[in-house]
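Here's a quick report on how the chains are arranged and where they touch. Have the model open as you read.

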There are 4 protein chains.
Amino acid sequence: MNRVKTAIVGASGYTGMELLRLLLIHPGVELVAATSRQEAGKSLGSVFPRFQKAPGADLAFIEPNPDAIAATGAQVAFLALPHGVAAEIARALLDRGLRVIDLSADFRLRDAAVYQEFYDHPHPAPEMLTQAVYGLPEIRAAEIAAAKLVAAPGCYPTSILLPLLPLLRENLIDPATIVANSMSGVSGAGKKADLTLLFCECNESARAYGVPKHRHLSEIEQELSLAAGEKVTISFLPHLIPVNSGIVTTTTAKLRSGVSPEAIGAALDKAYSDASFVRLLGRGGCADTKNVTRTNFIDIGWQVDSRTGRVILMSAEDNLGKGAGGQAVQCFNLMFGMDPTGGLQNF
Amino acid sequence: MNRVKTAIVGASGYTGMELLRLLLIHPGVELVAATSRQEAGKSLGSVFPRFQKAPGADLAFIEPNPDAIAATGAQVAFLALPHGVAAEIARALLDRGLRVIDLSADFRLRDAAVYQEFYDHPHPAPEMLTQAVYGLPEIRAAEIAAAKLVAAPGCYPTSILLPLLPLLRENLIDPATIVANSMSGVSGAGKKADLTLLFCECNESARAYGVPKHRHLSEIEQELSLAAGEKVTISFLPHLIPVNSGIVTTTTAKLRSGVSPEAIGAALDKAYSDASFVRLLGRGGCADTKNVTRTNFIDIGWQVDSRTGRVILMSAEDNLGKGAGGQAVQCFNLMFGMDPTGGLQNF
Amino acid sequence: MNRVKTAIVGASGYTGMELLRLLLIHPGVELVAATSRQEAGKSLGSVFPRFQKAPGADLAFIEPNPDAIAATGAQVAFLALPHGVAAEIARALLDRGLRVIDLSADFRLRDAAVYQEFYDHPHPAPEMLTQAVYGLPEIRAAEIAAAKLVAAPGCYPTSILLPLLPLLRENLIDPATIVANSMSGVSGAGKKADLTLLFCECNESARAYGVPKHRHLSEIEQELSLAAGEKVTISFLPHLIPVNSGIVTTTTAKLRSGVSPEAIGAALDKAYSDASFVRLLGRGGCADTKNVTRTNFIDIGWQVDSRTGRVILMSAEDNLGKGAGGQAVQCFNLMFGMDPTGGLQNF
Amino acid sequence: MNRVKTAIVGASGYTGMELLRLLLIHPGVELVAATSRQEAGKSLGSVFPRFQKAPGADLAFIEPNPDAIAATGAQVAFLALPHGVAAEIARALLDRGLRVIDLSADFRLRDAAVYQEFYDHPHPAPEMLTQAVYGLPEIRAAEIAAAKLVAAPGCYPTSILLPLLPLLRENLIDPATIVANSMSGVSGAGKKADLTLLFCECNESARAYGVPKHRHLSEIEQELSLAAGEKVTISFLPHLIPVNSGIVTTTTAKLRSGVSPEAIGAALDKAYSDASFVRLLGRGGCADTKNVTRTNFIDIGWQVDSRTGRVILMSAEDNLGKGAGGQAVQCFNLMFGMDPTGGLQNF
């Protein structure tokens, strides 16, 4: 098989490390560049001892220079950069003929005004928003396959959208009643020298944060609104819990009048029975992060509470996997005509 | 000071251990009996190495025999027994003149039919339900002070009730819209040789469980209904997270039309500004379990989301502290005219 | 490639689960049988939600019956059974023409009397001890390749032997001065409903146990003695720490007179520079379990303390990986002429 | 009781927080000053939410100015400052008539040359070394009681010295054969914005570090040499493990010829049977950090290995408790004639 020459831009954080973990051994990938300002010149293996003796771990980090990246022959670049920074390098790489899978928030929103509202600065490249595809493969496989620029969804949004979208599309729930509670592992906050992320500050601790307007809410509501065919506003309640990775989300919403429990199961089955990376646990199934960490799976269970008339959706994913790096690789497989599970068969 | 002769019945589990921890050094307590079938004859210190060299740790466990307990001169007994078992021994001890603080679910509900619905067996002593006081000191101090039989609330209910009750009493929220999400440490499941509670099964794991009808829902709805003056039915979504102890609860509900954020703050202030063990974090305050573990405090923060018209209530407590043993001691202090913070000044 | 028909006997514990994890996606393996008394009839995926949608996860557990296993056409069986139980089924499978990789302690010792001393019961099949090969691939690759019966080493022994053997073979250290300190994750204790293994008993806890004669000491001393050419007796100090998996071992020994630090580095390089799964961190390198979990690597660093004349050897491995399942697969690759890293390229 | 006016200098790190936790509720203490450059002007309760509603939590942090501290009427100051910084302020406070309990390393060593060797800079106040008392209360109670300047021992040294000193004093072991292995919780590394201390870097990780010459080795060897009456040099092997606090140390040494196991037990009993904060677990007792966290206890068990002729000493303490803040308070109680367990009766 011809392997696709691939670059990772911004490979020194947790998401970058997950991309390395997946791409170093992806059978359809030849990793030709990994960038990091602070690690430039060092080999992947010396920066990440976990990757020592991995095939390709002798590759040296380079500076994130678009010409240098293009000169490696890279056909595609994964960007694991902060929002606001990713847009510029994405443009430069697109101009040089690469396809781009951006894991930042820069191209997830269709409306630059919403970006400004949630990210507190003007969008760095509003004219590019129309060409980006929001990269949820279960929802937009064909668009992703054809895209030059894919915006990989955020970790929280993936765990909230996949259970909800089929129910909204089939008008089974009242969108005005959605409350989504999420708990995330600490890697979701990134690899930053920040006192609040120290072991002793996170261990034996649990708390909500970022309410009521966490940044991810913007893309969640965008996608929910598209599915519902009307503007949807929800409550999103993220929490930090002491695990390295993993997100569990429990979402409630009122069933539309007359909707039976069976209709919920049927809608999920219809949406995902053929999906490689969605595992339906059925009625009463409680998704547990420990079954999905280091995989690209999202597990989805549900329950109906006849007392309150609410459906309860329970999903679990790895925030670095299906919530970031794994999903980006899933998009890559679509974009380059690979086996959908290529490089993602880890358990 | 005359110390109150005190017994702990069922002292070998996590709640019993917390009661021992608090009562061994409570200045107003003389611990005269601790019972445990499997540890009878051994000293407290030999069963719990943590308590070696504590004052009173030489006391030997005895069998849970009511006459033997009464013979120690005990004036009060804390019961840390399974539901269904507690009722009988409570009756026997009351008959022998002791006052009883029961930490099981046996006397929390006023309606034996609700008990049967949620606990799947007939109530063992329905005729006693009217004499029991639901022991939330912030709500029923006078009744507790006078009670012979106090039912200490469950851990989840405490974390959900204290933030909600003032808002319901003042009719600030729509009770039909309440969704309470809780995350609990593993000690909440008790000290049982159960594969699902093994370290490797709980560590690096997070999941919902017990939806939609966790047993604690019965007492939650009972107390909410009393405060609201109407029958209240809510969604309660408990989760297990990998911490030893601590519960964080995030609750949402729709504000009544025209209710301002200031009204929320005012209602909480009015209810709790004089409460020894409620700490109000104010608007935007996110309660963190790490600030309350091994204390009797509950921290409460809140936020109003003008986009959805919902209030967000965030509370944190120690499930073994304010959620069990600490709260029971707080009741004890009321019952015996002690300083409200006696034996509870741990940080 | 012709895939080798493979059975796993005793697949419901942590080691069995690790073997499943590796063998379900090993390119040279066709998993034809997995046994478990308590799970017989259920599919792998239903027992282990993590493996749902893995290739082969629809296979149903069967009873551990030798004829039934042989009837599947299995050419090789991995045994993940308790010691004392493994020997009998190993014999039955060997009699039916299968090759056997046993992960229990039953065939690790050459001397049945030592087995009885350390395991407190007579060896169940002493006549088979001579035919078994102690399966440390870095030491006995040729013997393993030819073996019908391989005894995969214990987790602690692997972490202690690999750093020490080259130094003993070259007579660089005084074997009478060896002290090996190990810390193991909780999965090393197995999946048992035992109060001491509960989350709340292990979390925020660290302690030594099993001193001075842990069972693994028997195989450690056997292999050290073979390398030293004299009987070696050491101090082995195992500890339990709150991680799911991973062993870190720090071993000290007096250098022979006149031995230079360079000689230590040279001996390790000579032994392992071509080893696929040994990563040498060099002088001053401190091995960290977080770099080896879920891999088959052992990382080895070292230091010389000129003040005391001692060498300090620091190794890290995954107790379920290089310490159990991974190493067994490494043996399998040798036995069936596979790529040495086949099925083990996980990072 | 007249309470002693007390200051804490440097109260914003983990040791400072532990001192606050203990001193805010110590019956013999009136906390009159707490200093922190970065938190000056804020109340203790606002900086440490855990202490909200504690008695005295309204006190505001001040700058670490000696005159300002003295002006509060403080009779004693606890210093929780970095080494090199503590010496100067200690001198200034002593000059102003305060007694000083220093928790840094500045006054632990008697020889300024050893300080320079291990701390890489000249001692800031060598002329003061003779007046400082190394504050191990079990060893030097009388000297501590009379001291103006107490150097509270390091966390690792406490866990190593207390088990070893009685054996060395009675010449039961060969000091040239001592190997001490320690595992510490992450709080031992301090509250620093350092990537290596992030939750995701420490959780599910264990590793040695700081070999072969950790700074604490200097005071360990000083005190061992004093007890042995000869210069003692040992191997000290510290490790970092994922717990918030707690140190477990396992030390081995060769028994002198003819020394019986009973002699070990007798020496420990003789030394510590009256000690308030040493708990002897006896032969075979394995000390566990979970029994000592948040207390001032050190638990000590031991075993003799007749095969190797070595004694195995197993100790557990809280690095912030008996290893730092608790022990400093224990010294304070001696210095001011308080009940030895005053303010330290926490379980």
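## Symmetry

Of the interface residues of chain A, 100% are interface residues in chain D too, so the copies meet through the same surface. Contact here takes C-beta atoms, placed from the backbone, within 7 Å. A turn of 180 degrees with a shift of 0.0 Å along the axis lays chain A on chain D with an RMSD of 0.0 Å. That's the relation of a two-fold axis. The superposition is least squares on C-alpha atoms of residues with pLDDT of at least 70 in both copies.

Bear in mind that this is a predicted model: local features need pLDDT of at least 70, side-chain atom pairs count only at pLDDT 80 or more, and totals for chains, interfaces and linings use all residues. Residues are numbered from 1 along each chain as its sequence is written, while chains are lettered from A and ligands numbered from 1 in the order in which they are written.

## Where D meets C

Chain D puts 38 residues in contact with 37 residues of chain C. Strand 13 of chain D gives the largest share of chain D's side, four residues. (Strands are DSSP E runs of at least two residues, helices H or I runs of at least four, numbered from the N terminus.) By class, chain D's side has 18 nonpolar, 13 polar and seven charged residues. Nonpolar means Ala, Val, Leu, Ile, Met, Phe, Trp, Tyr, Cys and Pro; charged means Asp, Glu, Lys and Arg; the others, Gly among them, are polar.

Technical notes. Contact = placed C-beta atoms within 7 Å.
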